[in-house]
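User: I'm new to this one and would like a friendly tour. Can we go through it in questions and answers?

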Amino acid sequence: AEASRPELQDFLKNCDYVGAITLLEFERKAKEERPQLLMWLAYTYFHNGDYRKAIDAYDETMKKENNPDIHLYKACCLYALTQYNEAEEEAKQAPDCGLKTRILFHTAHKRNDESAMMAQHQALTDSKEDQLCLAAIQYLRSHFQEATDIYKRLLLENRDYTALNCYVALCYYKLDYYDVSLEIL
């Protein structure tokens with residue numbers, strides 16, 4: 001029996017980014033036609049922690065098409081590489097959106113730029129993503145009660161988000177409520 005060719009979506013569904021990269025690199029070398037091949041490569045490199053290779057794939061894509069969102073994706077890679085100034089500059093070139101606001105909020109925090117942080121804080125919305133971002137910044141700034149309040153509010157709306165319980169437990173632990181933290185876990 002002939003073995004069937006693996007599908008990219010199967011690798012992604014299983015979070016097998018090495019398998020996905022292997023398939024995509026094979027297709028690239030074989031000059032096979034896959035829509036958005038470079039973008040898929042960048043995506044899988046990013047999720048595999050290969051941020052430099054993801055940036056290279058994004059740069060190569062930008063030579064072929066004008067997609068301003070790529071600046072955001074590159075900014076995420078640069079942030080992961082702890083290049084906060086570069087991440088901020090890259091994000092500023094992208095169109096306004098929630099992800100841009102969150103990246104700029106986090107880079108401002110890492111650079112200890114209070115005025116930039118306040119400006120981005122004002123731009124945050126009530127979206128789940130923005131609220132998770134705000135809670136993370138509160139936690140990083142040792143404002144554990146504020147982070148707890150946000151996480152608990154999100155948990156009420158999203159009972160199936162089990163990671164939120166871990167975040168709440170971490171906050172309670174930092175607030176020296178060890179018994180409560182353990183019970184939540």
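**A walk through the model**

Analyst: Let's begin with one pair: the side chains of E114 and R141 meet in a salt bridge, at 3.0 Å from N to O. A salt bridge here is a side-chain nitrogen of Lys or Arg within 4 Å of a carboxyl oxygen of Asp or Glu. Keep in mind that this is a predicted model, where local features need pLDDT of at least 70, side-chain atom pairs count only at pLDDT 80 or more, and totals for chains, interfaces and linings use all residues. Residues are numbered from 1 along each chain as its sequence is written, and side-chain values use heavy atoms, with hydrogens and water left out.

User: How many residues apart in sequence are the parts that E114 and R141 tie together?

Analyst: E114 lies in helix α8 (residues 114-123). R141 sits in the loop between α9 (128-140) and α10 (144-157). Helices (H or I, at least four residues) and strands (E, at least two) are DSSP runs, numbered from the N terminus. Given those two places, the pair ties together parts whose separation in sequence is 27 residues.

User: Is E114 buried, partly exposed or exposed?

Analyst: The cut-offs are under 20% relative accessible area for buried and over 50% for exposed, with partly exposed in between (1.4 Å probe, protein chains only). E114 has a relative accessible area of 40%, so E114 is partly exposed.

User: And what relative accessibility does its partner R141 have?

Analyst: R141 counts as partly exposed too. That label follows because the relative accessibility of R141 is 27%.

User: Which residues are joined into one network by salt bridges that share partners?

Analyst: Here's the general idea: side chains of opposite charge can pair when their charged atoms come close. In this network, salt bridges share partners. The residues joined are R5, E27, E32 and R34.

User: Which helices hold D59 and K74, whose side chains meet in a salt bridge?

Analyst: The N to O distance for D59 and K74 is 2.6 Å. This pair links distant parts of the chain, 15 residues apart. D59 is in helix α4 (residues 51-64) and K74 is in helix α5 (residues 70-80).

User: Which label fits K74, buried or exposed?

Analyst: D59 has 26% relative accessibility, so D59 counts as partly exposed. K74 has 11%, so K74 counts as buried.

User: Which helix holds both R28 and E25?

Analyst: The side chains of R28 and E25 meet in a salt bridge at 3.8 Å, N to O. R28 counts as partly exposed because its relative accessibility is 30%, while E25, at 16%, is buried. The two are three residues apart, about one turn of the helix, and that helix is α2 (residues 17-29).

User: How many salt bridges does a search of the whole structure find?

Analyst: The pairs above include R28 with E25 and D59 with K74. Searching the whole structure gives a total of 14.

User: How many helices and strands are there?

Analyst: Reading along the sequence, you get α-α-α-α-α-α-α-α-α-α-α-α. The C-alpha atoms fill a box of roughly 60 × 45 × 25 Å along the principal axes. The count is 12 helices and zero strands.

User: What share of the 185 residues counts as buried?

Analyst: The burial cut-off given earlier applies to each residue: under 20% relative accessible area. Of the 185 residues, the buried share is 38%.

User: Where is C15, the residue with phi near 55°?

Analyst: C15 has a positive phi although C15 is a residue other than glycine. At 52% relative accessibility, C15 counts as exposed. C15 is found in the loop between α1 (8-13) and α2.

User: Where is Q36 found?

Analyst: Q36 is not a glycine either, yet Q36 has a positive phi of about 60°. With 43% relative accessibility, Q36 counts as partly exposed. Its place is the loop between α2 and α3 (37-47).

User: How many Å apart in space are H47 and N85?

Analyst: H47 is in helix α3 and counts as partly exposed at 37% relative accessibility. H47 and N85 are 38 residues apart in sequence. From C-alpha to C-alpha, their distance in space is 22 Å.
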